[in-house]
Amino acid sequence: MRVAVFASGSGTNLQAIIDADIQTIEIAVVFTNNPDAYAIERAKKHNIQVEIIDHKNYKTREEYEKHIIEVLDPYKLNLIVLAGFMRILSTVFVRAYKNKIVNIHPALLPSFPGINAGRQALEYGVKYTGVTVHFVDEGVDTGPIILQSVVEIEDEDTEDTLLEKIHEVEHRIYPKAIELISSGEIEVIGRRVIKKS
Ligand code: GRF
């Protein structure tokens, strides 16, 4: 499968996906909206093509996404992997890549969607949170769930220590989820993502 990884920041999940050396994918391009994203350096180090399109130069989300679609078209992508991409994608983009976009969220969805999921979990006082990899639909963090993993919140945890634990789990399960998709082992039936029999 030809894959694009979308990242806006540090790109530790991008790094984990690169390091996992998944045999069923080729990372054809790393896309970012942020010209200062460290993810760009990570991609370059591994000779992966980079496309940088700053959203600030566009008047509307739709205009921006139409341009991304044009730029990505020649890459003939089978899968878009959102890894810390800090822009919400509208129906324009989601429809262009229907059922071909995945995201990783630092909580056990449907709990704590949106931003600052770690802080939300701490403030709520839950004892367990975690990580969710899911397909992207037209809502925010609402698509069918591929994999989840639990992280325990201990009394001494701060937002930073919790995010560190969450990151560790993310780096393990994102490559695993991508492998499941790219090897054709799973299918989506309604909201459920199940192993093909
Ligand atoms: C991750 O925690 C992910 O769950 C969230 O954004 C963060 C990206 O981190 N969507 P990194 O850039 O991969 O280090």
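## The ligand and its pocket

Author: Welcome! The shell around the ligand is made up of two nonpolar, six polar and one charged residue. Please keep in mind that this is a predicted model.

Reader: Thanks! What makes a residue such as Ile104 or His167 part of the surroundings of the ligand?

Author: A heavy atom of the residue has to lie within 4 Å of the ligand. The ligand is surrounded by Ser10, Gly11, Thr12, Asn13, Gly84, Ile104, Pro106, His167 and Glu170.

Reader: Why is Glu170 put in the charged class, and where does Gly11 go?

Author: Glu is on the list of charged residues, whereas Gly counts as polar. Glu170 and Gly11 are both in the shell, so Glu170 is charged there and Gly11 is polar.

Reader: How do you know that Gly11 makes a polar contact with the ligand?

Author: The cut-off is 3.5 Å between N or O atoms. A polar backbone atom of Gly11 is 2.8 Å from an oxygen atom of the ligand, so the pair qualifies.

Reader: And what about Ile104 and His167: which of their atoms bring them under that cut-off?

Author: For Ile104, a backbone N or O atom lies 3.1 Å from a nitrogen atom of the ligand. For His167, an N or O atom of the side chain is 3.2 Å from a ligand oxygen. Both pairs are within 3.5 Å, and therefore both are polar contacts. As for cover, the ligand has 370 Å² of accessible area on its own, and the protein covers 83% of this.

Reader: Why is the ligand said to sit in a pocket, and which pocket is it?

Author: A molecule sits in a pocket if more than half of its atoms lie within 2 Å of the pocket's grid points. The space that the ligand takes is the largest pocket, with a volume of about 960 Å³. Of its 38 lining residues, Gly84, Phe85, Met86, Ile104 and Pro106 are the closest to the centre.

Reader: Which helices and strands build that lining, and what makes helix 6 stand out?

Author: Helix 1, strand 5 (101-105), helix 5 (117-124) and helix 6 each give two or more residues to the lining. Helix 6 gives the most, with five. Helix 1 (12-20) and helix 6 (159-182) also each supply at least two residues of the shell around the ligand.

Reader: How do the classes divide in the second largest pocket?

Author: Its lining has five nonpolar, one polar and four charged residues. The charged class holds Asp, Glu, Lys and Arg, so Arg95, Lys98, Asp137 and Glu138 belong there. This pocket holds about 180 Å³ of space.

Note on methods: Residues numbered from 1 in each chain as written. Predicted model: local features only at pLDDT ≥ 70, side-chain atom pairs only at ≥ 80, totals over all residues. Heavy atoms only, no water. Polar contact = N/O pair within 3.5 Å; in protein donor to acceptor, adjacent residues only side chain to side chain. Areas by Shrake-Rupley, 256 points an atom, 1.4 Å probe, with all protein chains shown as cover. 1 Å grid on protein atoms, 1.4 Å probe; cavity = no way out; pocket = protein on both sides within 12 Å on 5 of 7 lines; lining within 4 Å. Helix = DSSP H or I, 4+ residues; strand = E, 2+ residues; numbered from the N terminus. Points joined across faces, edges and corners; volume = space filled by probe spheres on them.
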